[in-house]
Amino acid sequence: MTARLPHLAAGFAVILAVVLGAAVLSARPVWHSLPADHGLLRLSFTTSGARRCRDRTPEELAALPRNMRQDQICERRRAPVYVELDLDGAPRLAATLPPGGLAGSGPSRVYRRFELPAGAYEVALRLRTDPEAEGFAAETRATVTLQPGQSVAIDYDGANARFVFDPPQEGE
């Protein structure tokens, strides 16, 4: 056992050096994801665009086996989603979001970050899920107050066709 003592002491010294080195490097250098006087506004959601469907004729339905008789037939591909975001009346984002997936049958996704000086902002959001429809499927105006270092997330609730702020904001 005494012959192994120098090896154990050396192993302990190496482990101690690695642990202390990791502890020192984890505290330095100090890193901040945002400047000290800024906040973060994040627009992040997933939603599906409309599908093009048509009614089958009585002749088409009669030609099909009973177990395949569906009144409507829909394209697999979904329509792109269009989103706009304005801050204090100025457009900051206007994007057409293509559907996901290899066949274009999945939902459209967006993730955008806006690093802004702390303060209050008038946010206007508009979303269109059907390019052939008039107007927007959802529109929201809210006053967002960003504190230094705060992050405010904006999501879309497709079931209720409305934008959701986390934490909740004035006028939402």
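Charged side chains in this predicted model are balanced in number: the chain has 20 positive and 20 negative ones. The centres of these two sets lie 11 Å apart. The surface that the chain exposes amounts to about 11,400 Å², of which 56% is supplied by carbon and sulfur atoms.

In secondary structure, the chain has two helices and 10 strands. Their order from the N terminus is α-β-β-α-β-β-β-β-β-β-β-β. The chain is more spread out than a compact globule, because its radius of gyration of 27 Å is well over the 16 Å given by the globule rule for 172 residues. The C-alpha trace spans about 95 × 50 × 20 Å along its principal axes.

Of the 172 residues, 30% count as buried. Among contacts between residues at least 6 apart in sequence, 60% join residues at least 24 apart.

The largest nonpolar core has 26 residues, and those with the most contacts inside it are Leu41, Leu43, Leu85, Val123 and Ile154. Several strands give two or more residues to this core, including those tabulated here.

| Strand | Residue range |
|---|---|
| Strand 1 | 38-47 |
| Strand 4 | 81-87 |
| Strand 5 | 90-97 |
| Strand 6 | 108-117 |
| Strand 7 | 119-128 |
| Strand 8 | 138-146 |
| Strand 9 | 151-157 |
| Strand 10 | 162-166 |

Leu85 is one of the core residues with the most contacts inside it. Leaving aside residues up to four places away in sequence, Leu85 touches Leu43, Val123 and Ile154, among others. Its further partners include Ala90, Pro91, Arg92, Leu93, Phe114, Ala124 and Leu125.

Conventions: Residues are numbered from 1 along each chain as its sequence is written. This is a predicted model: local features need pLDDT of at least 70, side-chain atom pairs count only at pLDDT 80 or more; totals for chains, interfaces and linings use all residues. Side-chain values use heavy atoms; hydrogens and water are left out. A nonpolar core is a set of buried Ala, Val, Leu, Ile, Met, Phe, Trp, Tyr and Cys residues joined through side-chain atoms within 4.5 Å. Buried means under 20% relative accessible area, exposed over 50%, partly exposed in between (1.4 Å probe, protein chains only). Helices (H or I, at least four residues) and strands (E, at least two) are DSSP runs, numbered from the N terminus. Contact means heavy atoms within 4.5 Å. The radius of gyration is taken over C-alpha atoms; the globule rule is 2.2 Å times the number of residues to the power 0.38. Accessible areas come from the Shrake-Rupley method with a 1.4 Å probe; for residues, only the protein chains shown count as cover. Lys and Arg count as positive and Asp and Glu as negative; His and the chain ends are not counted. The place of a charge is taken as NZ of Lys, CZ of Arg, CG of Asp or CD of Glu.
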